[in-house]
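Hello,

Here is the structure I promised to pass on to you. Please have a look at it first, and then read my notes below.

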Amino acid sequence: MVAGLRTDRDVARALKPFIIAEALPVVVEMLRKDGVRVSLSNAKGRTLGYYMPPRRKVFPRMTASVALHTISLQIDLNPYALLFVFVHEWAHLLTQKQYGSEVYPHGKEWKRNFKDLFKSFHSPRIFPSDVLAVIDEYFKKTSRYFESDLAEACERYGKDRQAFARNYMRLLKAGVVIPAPDMGPEARRLVEAIRGKEAGEVRRKPESVHVSSGPYGSAGRDIAEKGNVGESQEKWREAETVKISEVAPGTRIRMENVDYEVVEKLPPFVSVRKTDDGQRVRVHGLVKVRRLEKG
């Protein structure tokens, strides 16, 4: 249990601002079964979390000593990093219960437990696909450290909890939902609106074809009218709606009624260039766009 809390509901309420929503029931069940004390710390440092085996301790209002395993977590971590560290420390707990102090802290027994435990959390509903890809590489060797590649993958969504919250709200306002803890009532309203819109798009008939002003935008139209472009401008029609991460570089797309060309993929982002003025911007790979075709 989280320190000082007695019921599963209390634990879930205390952890929901920090633990990814889809992972929270699994975490609460783990805590319930094994009688673990979780300490959430604001202290920043090199140690992202640690595990401590049971020690005799008397809690207030209790008449007997209780031996509890303890896991401490740095509460300000990015939520993806926090969950990963939690599972890392839980693997220490499981290894301690199985072998006591007879094995190395980060030996083969711990590595096996860590990999097996993480299977319950290996889901795109808990970690974004680009983070999962780095985690898969991590488990090929299972280092004792929170490696730089893994840290970088998590930090793309925010270096700490506060930065993650800002990026999460920006993505929601762009119509993108990523795995996250409970981020408050405004975030919940946006998520419901996005999911409602997505459900409506599935039921709606295909939209009519629209024609854009051409590959040069309005500037190109002015040039054509002056005779600097000999051929009539190419027309573009909207094809299917796709995630921008699924679009190949060089492809024309339409996003919020503005035409772009995909330049390069920089996971989890995609770099695009506006066709009218050449301005480059980065867009999250989960944003949905209209692919354009000549026609």
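S72 is buried, because its relative accessibility is 6% and the cut-off for buried is under 20%. Bear in mind that this is a predicted model. S72 sits in strand β3, which covers residues 66-74. If you leave out residues up to four places away in sequence, the contacts of S72 are S39, S41, L48, G49 and Y50.

A second buried position is I194, in helix α8 (residues 185-203). Its relative accessible area is 10%, so I194 counts as buried too. With residues up to four places away in sequence again set aside, I194 touches L172, G175, V176 and V177. Take V176 as one example: 18 residues separate it from I194 in sequence, and the C-alpha to C-alpha distance is 7.6 Å.

Next, a pair of helices. Helix α1 (residues 8-15) packs against helix α2 (residues 24-34) at an angle of about 130°, and the two axes are 10 Å apart. Because of that angle, α1 is oblique to α2. Which residues in α1 and α2 meet? From α1 they are D8, V11, A12 and L15, and from α2 they are L24, V27, V28, L31 and R32. By type, this contact has 7 nonpolar residues, 2 charged ones and no polar ones. As for handedness, the crossing of α1 and α2 is right-handed.

Finally, you may like strand β5, which runs over residues 252-255. In a regular strand, side chains alternate between the two faces of the sheet. In β5, R252 and R254 point one way while I253 and M255 point the other way. Are these four residues buried or exposed? All of them are buried, the two arginines included.

β5 has pairing partners in β6 and β9, so here they are in turn. With strand β6 (residues 258-266), β5 pairs in the antiparallel sense over 4 bridges. One bridge partner to look at is D259 in β6, which belongs to R254. β5 and β6 form a hairpin, with 2 residues between the strands. In that turn, E256 has a positive phi of about 55°. With strand β9 (residues 288-294), the pairing of β5 is also antiparallel, over 2 bridges. Here I253 stands opposite R291 in β9.

Happy browsing, and do write back with any questions.

Best wishes

Conventions
Residues numbered from 1 in each chain as written. Predicted model: local features only at pLDDT ≥ 70, side-chain atom pairs only at ≥ 80, totals over all residues. Heavy atoms only, no water. Buried < 20%, exposed > 50% of the residue type's maximum accessible area, 1.4 Å probe, protein only. Axes fitted to C-alpha atoms, helices over the stretch in contact; angles between N-to-C directions. Parallel < 35°, antiparallel > 145°, perpendicular 65-115°, else oblique. Left-handed = near helix turned anticlockwise from the far one by under 90°. Contact = heavy atoms within 4.5 Å. Nonpolar A, V, L, I, M, F, W, Y, C, P; charged D, E, K, R; others polar.
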